[in-house]
Amino acid sequence: MRRIVEDLIRVDGVIGSLLVGKDGLVVASTLLDEEDAEVLGAMSAAVFGEIDKATRRLGVGNLVDSIIDAKDGSILLLEAKELILVVITQRTVNLGLVKMEMRRAAKRISEAVPI
């Protein structure tokens, strides 16, 4: 799992990535500060869970991915099996490329995680 999140930071403009359980526990992270990883993991799981509840209630189905835009960058969330893949980017990143790489990473995660 660590290798998968490390591969994502090779994408130009990606500054961090992590894989978290839907309970918010960090499975793998490229963030140097462990406390930052734990905070981002908990926030990502909570946000993903709440948006997923809302999309299902509104009748558009389960949440697949989400982008949180901020002044200087973005946080992208993508469901990967029973985990959430989180990527932090700079403002200038090619979001389409990052989403494509995240989908590839999610496929690798699905293959690595037993059912």
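Two strands pair if DSSP finds at least two bridges between them. With that in hand, let us walk through this predicted model, starting where the pairing is easy to follow. Eight bridges join β4 (73-80) to β5 (83-90), and these two strands run antiparallel. One rung of that ladder matches L77 with V86 in β5. The two strands form a hairpin, with two residues between them.

Pause for a moment at that turn. K81 sits in the loop between β4 and β5, and its phi is near 65 degrees, a positive value in a residue other than glycine. Is K81 buried or exposed? Neither label fits: at 28% relative accessibility, K81 counts as partly exposed, because buried means under 20% and exposed means over 50%.

Now look to the other side of β4. Strand β3 (residues 65-70) pairs with β4 in the antiparallel sense over six bridges, and here again there is a hairpin with two residues between the strands. Two rungs are worth picking out on screen: I67 stands opposite L76 in β4, and the bridge partner of I68 is I75. How enclosed is β4? Seven of its eight residues are buried, so the strand is largely enclosed by the rest of the structure.

Moving along to β5, V86 makes a good stopping point. V86 lies in this strand and is buried, with a relative accessible area of 0%. Beyond residues up to four places away in sequence, V86 touches G16, S17, L18, V20, L40, S44, I75, L76 and L77. There is also a long step in sequence to notice: V86 and L19 are 67 residues apart along the chain, while their C-alpha atoms are separated by 6.1 Å.

From here we can turn to the nonpolar packing. The largest nonpolar core has 19 residues, and those with the most contacts inside it are L8, L19, L85, V87, V98, M102 and I109. Where do its members come from? At least two residues each are supplied by α1 (2-8), β1 (14-21), β4, β5 and α3 (95-112). The largest share, five residues, comes from α3. L85 shows how these pieces meet: leaving out residues up to four places away in sequence, L85 touches V5, L8, L18, L19, L76, L77, L78, M102, A105, A106 and I109. Apart from this core lies another, of 11 residues, among them L18, V20, L63 and I84.

The next stop is helix α2, residues 34-57. This helix has 24 residues and reaches 35 Å from its first C-alpha to its last, close to the 34 Å expected at 1.5 Å a residue. At its N-terminal end, D33 acts as a cap: a side-chain oxygen of D33 lies 2.8 Å from the backbone nitrogen of E35. Just after the helix, G59 takes a positive phi of about 85 degrees. Which residues of α2 are buried? They are A37, L40, G41, S44, A45, F48, D52 and T55. What covers these buried residues includes β1, β2 (26-29), β4 and β5. Two of the names, L40 and S44, were already met as contacts of V86.

D52 deserves a closer look within that list. Why does D52 count as buried? Its relative accessible area is 14%, and buried means under 20%. A polar atom of the D52 side chain lies 2.7 Å from the backbone nitrogen of L63. Leaving aside neighbours within four places in sequence, D52 is in contact with N62 and L63. L63 is also among the residues of the 11-residue core, which gives you a link between this polar contact and the nonpolar packing described above.

Finally, step back to the record. An unreviewed UniProt entry carries the annotation "domain: Roadblock/LAMTOR2", covering residues 1-89. Over that stretch the chain is 35% helix and 37% strand, with the end C-alpha atoms 20 Å apart. Helix α3, with residues 95-112, supplies the largest share of the 19-residue core, so keep that helix in view too when you look past the annotated range.

Methods. Residues numbered from 1 in each chain as written. Predicted model: local features only at pLDDT ≥ 70, side-chain atom pairs only at ≥ 80, totals over all residues. Heavy atoms only, no water. Helix = DSSP H or I, 4+ residues; strand = E, 2+ residues; numbered from the N terminus. Buried < 20%, exposed > 50% of the residue type's maximum accessible area, 1.4 Å probe, protein only. Polar contact = N/O pair within 3.5 Å; in protein donor to acceptor, adjacent residues only side chain to side chain. Contact = heavy atoms within 4.5 Å. UniProt positions renumbered as here; feature names shortened; annotations may be inferred. Core = buried A, V, L, I, M, F, W, Y, C linked by side-chain atoms within 4.5 Å. Expected span 1.5 Å × (residues − 1).
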